[in-house]
Amino acid sequence: MSIASLLSGLAVAAALTAAPALAAPRVVSDIAPIHSIVAAVMGDLGAPDLLVPPGTPEHDAALRPSDAAALDAADVVVWVGPGLTPWLEGPLDALAPGAVRVTLLDAPGLRLLPRRSGGTFEAHVHGHEDEHDAQGHDAHGHDEHGHDEHGHEDEAGADPHVWLDPENAAVIATTVAEALAAADPANAAEYRANAAAFGAETAALTARLATGLAAAQGRTFVVFHDAYRYFEHRFGFAAAGAISANDAAPPSAARIAEIRALVVDAGAICVFSEPQFDQGLVATVIEGTPARAGVLDPLGVGVEPGPGLYPALLARLAGGMIGCLAPPA
Ligand SMILES: [Zn+2]
């Protein structure tokens, strides 16, 4: 063998070894806001799949055949947890057995707030009101029993809509970046840099939104389902009540009458519906009251999924609250 052919053989071997950088892990996420944060963390390295498209009520949905294929091929699955999407737990167990599962409700540093109970927040929680009343729980108390309307006891009653606190979104980005860094160490620095950039941009947006929302502070409102506690907490609001915490079951006529009484008694300015639910319900609730109808959307309905969805979602929530609670004169 000549030196020349040996060298050319080595060159071929070197070319075969110097394969292009390994592809980014295949990532599947649950709802559009989480998908958006994951997409921001992945940046140019790849794009996650989305299981629950905007417009689907998050607590009660079913897997599509294309989702099963995505889950089957997943390296990393990012989901909020069983407190938000109990229906997803079985499919995740069955279809992504080899994938790293990131359950965000367990993420270190995430701010968890207990589910609201008491007053009109508790009438729709199935069956446990009496014992909880007897123990003196209130709307702001910590609920040791962890009951919730979705049938899980293991998240100690944490409200699962954690992404609506922008500081939690930054924690989610960091958590996802660490999971991706572990799965794909070659790109660890890029995941971490993307998460840091997401956190900085979200903090800047939060400051701008807080300025606008100041005009609406102290105004009373009722929400469709009790999804906004984290957003309210971050920006200094508190809903007077929720029409339905159980997305799967429409409220009864008695419940609507109760909410209408609340709207009048509390002097609510706004009753907020959600794009994925029956708009007529809110119209029925506000009929004959001075309240206006507004829309709040916790999931990003009508926004293109991707890194831009999360900031758009926050901006739309703020805009929806300002527009209904403190419209420009
Ligand atoms: Zn919800």
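Select strands β1 (residues 27-31) and β3 (residues 76-79): they pair in the parallel sense over 3 bridges. Two strands count as paired if DSSP finds at least two bridges between them. Strands are DSSP runs of E of at least two residues, helices are runs of H or I of at least four, and both are numbered from the N terminus. For one bridge, pick V27, whose partner in β3 is V76.

This is a predicted model, in which local features need pLDDT of at least 70, side-chain atom pairs count only at pLDDT 80 or more, and totals for chains, interfaces and linings use all residues. Residues are numbered from 1 along each chain as its sequence is written.

Next, widen the selection to the whole sheet. It is open, has 4 strands in the order β2-β1-β3-β4, and its pairing is parallel. The edge strands, β2 (49-52) and β4 (100-103), each pair on one side only. Neighbouring strands here are turned by 20° against each other on average, direction ignored.

Now add the helices on this sheet. Helix α2 (residues 32-42) lies across β1, β2 and β3 and runs at about 145° to β1. Axes are lines fitted to C-alpha atoms, for helices over the stretch in contact, and angles run from 0 to 180 degrees between N-to-C directions. Contact between two residues means that their C-beta atoms, placed from the backbone, lie within 7 Å. Helix α6 lies across β3 and β4, at about 170° to β4.

Stay on α6 (residues 166-183). Its 18 residues should span 26 Å at 1.5 Å a residue, and the end C-alpha atoms are 26 Å apart, which agrees; the expected span is 1.5 Å times one less than the number of residues. Of the 18 residues, 13 are buried, meaning that 20 or more other C-beta atoms, placed from the backbone, lie within 10 Å of the residue's own.

Within α6, select A177. A177 counts as buried because it has 26 C-beta neighbours inside 10 Å. Leaving aside residues up to four places away in sequence, A177 touches V41, Y191, R192, N194 and A195. V41 is 136 residues from A177 in sequence, yet their C-alpha atoms are 6.2 Å apart.

Move on to the open sheet of 4 strands ordered β6-β5-β7-β8, again with parallel pairing. β6 (241-242) and β8 (292-295) are at the edges with a single partner strand each, so one side of each has no neighbour in the sheet. Strand β5 (residues 221-223) pairs with β6 over 2 bridges, and V223 stands opposite A242 in β6. Finish with helix α11 (residues 309-325), which packs on the sheet, touching β5, β7 and β8, at about 170° to β8.

Methods
A residue is buried if 20 or more other C-beta atoms lie within 10 Å of its own, exposed if 12 or fewer, and partly exposed in between; C-beta atoms are placed from the backbone.
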